[in-house]
Amino acid sequence: MANDSLALTNMDTGVVFFHQNDERAFFEWLARISCVENYAGDGGRGLVVRLKRKPGKDDLWQLLALCHRYGVNMRQLAKFETARNRSWFCDPKMFWHQAVFADGK
């Protein structure tokens, strides 16, 4: 993909599936997020999720929830901070804040 700002890498690192249905649920959820274009394994970059556009509010909430549920590193989601979502996305009281903004932002 020409625009790596719309790619999430290593989305499978640290993920433990406890049953094949758990794995299926992960990929079905990922596929239902409207900003997701596709996903595939890519060697050292692990599971790469390519987005068709920057995530909107519901997309970002789903990515946060999916990553939290499956233990995916959320740090790379910080790049989706915008002036429009900053008030809720960067709220230090939110469960994801430390995982996304580990540098204390």
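**Exercise 1.** In this predicted model, how many of the residues of strand S3 (residues 47–51) are buried?

*Solution.*
Step 1. Apply the cut-off: a residue is buried if its relative accessible area is under 20%.
Step 2. Five of the five residues in S3 meet it, and the strand is mostly covered.
Step 3. Sort the residues by side. Leu 47, Val 49 and Leu 51 lie on one side, and Val 48 and Arg 50 lie on the other. Both faces of S3 are covered.

**Exercise 2.** Find the strands that pair with S3, and state the direction of each pairing.

*Solution.*
Step 1. Take S1: two bridges join S1 to S3, and the two run antiparallel.
Step 2. Take strand S2 (residues 36–41): five bridges join S2 to S3, again in an antiparallel arrangement.
Step 3. Look at Arg 50 in S3. Arg 50 is the bridge partner of Ala 7, and Asn 38 stands opposite Arg 50.
Step 4. Trace the link between S2 and S3. These strands form a hairpin with five residues between them. In the turn, Gly 43 has a positive phi of about 55°.

**Exercise 3.** Describe helix H2 (residues 57–70), its span and its cover.

*Solution.*
Step 1. H2 has 14 residues and reaches 20 Å from first to last C-alpha, close to the 20 Å expected at 1.5 Å a residue.
Step 2. List buried residues of H2: among them are Asp 59, Leu 60, Leu 63, Cys 67 and Tyr 70.
Step 3. Identify the cover. The elements over the buried residues of H2 include strand S1 (7–8), helix H1 (20–32), helix H3 (86–89) and helix H4 (97–100).
Step 4. Check the end. Gly 71, just after H2, takes a positive phi of about 70°.

Note on methods: Residues are numbered from 1 along each chain as its sequence is written. This is a predicted model: local features need pLDDT of at least 70, side-chain atom pairs count only at pLDDT 80 or more; totals for chains, interfaces and linings use all residues. Side-chain values use heavy atoms; hydrogens and water are left out. Helices (H or I, at least four residues) and strands (E, at least two) are DSSP runs, numbered from the N terminus. The expected span of a helix is 1.5 Å times one less than its number of residues. Buried means under 20% relative accessible area, exposed over 50%, partly exposed in between (1.4 Å probe, protein chains only). Contact means heavy atoms within 4.5 Å. Two strands pair if DSSP finds at least two bridges between them.
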